[in-house]
Amino acid sequence: MDCCKVSVIVPSLNVVPYIRKCMDSILNQTLKEIEVFAVDAASTDGTHEILEEYARMDRRVTLLEDTQKSTGFAKNLGIVKSRAPYIAIVESDDYIALDMLEKLYEKAEETGADIVKANYSTFVEEDGSESVFPKSVSSRSTDYNRLLNLEDGDDLRHFTWVMYEWLGIYRKDFLMGNHILHNESKGASFQDTGFWFLTFTYAKSIYLMDNHFYFYRKDNPYASMKSTGKLHDICAEYDYIKRCMGEESATFHRISKAFYHGFFHDNLAVYERIGDELKPELLNIMAKTLRTAWRKGQIDGQLYVGKEWKLLKELLESPDLFYKNRCEETQERERNLQGLLNRVAGRKAVIVFGAGNYGSNLAYLLKARGVIVTCFSDNDERKHGKTLNGIPIESLQKCMKAYANATYLVANELKSEEIKKGLTDQGIKSDQIIICMIAELTGTVI
């Protein structure tokens, strides 16, 4: 293949409902100079045959066999065989924007960054329609659209970015020069975590774009993160990271505080997904590891965002108390959600103020419980006249004129009181405004 610029690796196993959408999004990229390694783990549902069809139709596609039934092995196989200067990874139940590879490649060439990443969106499909929820990789606006030089090694805040490997492209000589590959554990067991962590440890420079290029499916019932049998897998992945670096090495010493923050953050995500009967065991494992790290001075409170610091200290004090408090919070969220549903029941017009991630999540949550949002409103004039998941976005003035007695649900985690004051200053009555904190309603977002 002439002038191949990006190698795309697609590991697969039994994804017939999703694989065509994924492959079409890759092969129809505006950047044509690509090669695609579809690495199938002996699918039995017809996925393998579909990939054979793509390989026959498009010479850029090479079908490989994952003989180890390991997502890590599959991705490594593609990395080693790749001929392009850049590597991209796309999960077989997801899809990408048609200009993703072109934009990432151009920015990588322009900046010389080891890694170029961008924002993403999660999505679910229901009854032929798609609901999309935009996400940010970093909570700091200053991280975007500039080259981050990481060579001094003192600032570890980039380790708090969203830990998904498939949001960008990697310079292959950077990967090979630092011997960065995936853990080849069986199945799909968080192997992207180790890869992500190693790349962020050894990268000299990273560039983060503010585009939303990658679309991450959240409605696959067989996705690895939905499995309840993952109690020890993330701990094993962090053991892999330590083995790759050497626990006594200067490299591990440099990033150890970020390592244990990641260990806490990722195990907390596993905690939310496993069965209640397994949670006490996981909490005890977490507490034992993190208490040792605390004694060694390997915990840095500046890396823990939102409620993380409070939760960490609570876990270190007592795993039993941590478990009890989480159970009580779950019950409280259910009461909060029911209270909101009671307040909006029978309202002729329900307007969500905030046409972003939290707003789209709130509208989806309400729809699932029989409450249809009339429209969104937002201070960003660029959004006016557009739609979000089929719901129109209008200016506040237009909403006030069209829906005189509407109920306004404020969907903004950081500026809710400020927005409420702005609404009342415009003449909306306080009893028409409800502040909705997604975390207090569901504990998570899509």
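Is D143 buried or exposed? In this predicted model, D143 is buried, with a relative accessible area of 5%. The side chain of D143 meets that of R140 in a salt bridge, at 2.8 Å from N to O, and R140 is buried as well, with a relative accessible area of 18%.

**Salt bridges**

The pair formed by D143 and R140 belongs to a count that comes to 24 salt bridges. Three of these pairs are set out below, each with its N to O distance.

| Salt bridge | N to O distance |
|---|---|
| D143 and R140 | 2.8 Å |
| K242 and E247 | 3.7 Å |
| R382 and D380 | 3.0 Å |

The surroundings of the partners can be read from their accessibility. K242 has 17% relative accessibility and counts as buried because the cut-off for that class is under 20%, whereas its partner E247, at 35%, counts as partly exposed. R382, which is bridged to D380, has 66% relative accessibility and therefore counts as exposed, the cut-off for that class being over 50%. Salt bridges that share partners also join K307, K310, E314, R326 and E329 into one network.

**The second largest pocket**

K242 and E247 appear again at the second largest pocket, where they lie nearest the centre together with Y260, T289 and K296. This pocket holds about 260 Å³ of space and is lined by 16 residues, which divide into seven nonpolar, four polar and five charged. At least two lining residues come from each of the helices α7 (233–245), α8 (250–273) and α9 (279–295), and α8 gives the most, with five residues. The salt bridge between K242 and E247, with its closest N and O atoms 3.7 Å apart, thus joins two of the residues that lie nearest the centre of this pocket.

**Nonpolar cores**

In soluble globular proteins, nonpolar side chains tend to be buried together. Here the largest nonpolar core has 109 residues, and those with the most contacts inside it are V6, F197 and L290. Helix α8 gives the most to this core, with ten residues, and α8 is also the helix that gives the most to the lining of the second largest pocket. Apart from the largest core lies another, of 23 residues, among them V352, A355, L365 and L441.

What is V6 in contact with, leaving aside its neighbours within four places in sequence? Its partners are L31, E33, I34, E35, A84, Y86, A88, L101, Y105 and I169.

**Helix α10 and its neighbours**

Helix α10 (residues 308–317) has as its buried residues E308, L311, L312, E314, L315 and L316. These buried residues pack against α8, α9 and α11 (319–344), and two of those helices, α8 and α9, also supply residues to the lining of the second largest pocket. E314 is both one of the buried residues of α10 and a member of the salt-bridge network that includes K307, K310, R326 and E329.

**An exposed loop residue**

Where is T44 found? T44 is found in the loop between β2 (34–40) and α2 (47–57), and it is exposed, with a relative accessible area of 72%. Although T44 and N14 are 30 residues apart in sequence, their C-alpha atoms are 6.4 Å apart in space.

Terms used: Residues numbered from 1 in each chain as written. Predicted model: local features only at pLDDT ≥ 70, side-chain atom pairs only at ≥ 80, totals over all residues. Heavy atoms only, no water. 1 Å grid on protein atoms, 1.4 Å probe; cavity = no way out; pocket = protein on both sides within 12 Å on 5 of 7 lines; lining within 4 Å. Points joined across faces, edges and corners; volume = space filled by probe spheres on them. Helix = DSSP H or I, 4+ residues; strand = E, 2+ residues; numbered from the N terminus. Nonpolar A, V, L, I, M, F, W, Y, C, P; charged D, E, K, R; others polar. Core = buried A, V, L, I, M, F, W, Y, C linked by side-chain atoms within 4.5 Å. Buried < 20%, exposed > 50% of the residue type's maximum accessible area, 1.4 Å probe, protein only. Contact = heavy atoms within 4.5 Å. Salt bridge = Lys/Arg side-chain N within 4 Å of Asp/Glu carboxyl O.
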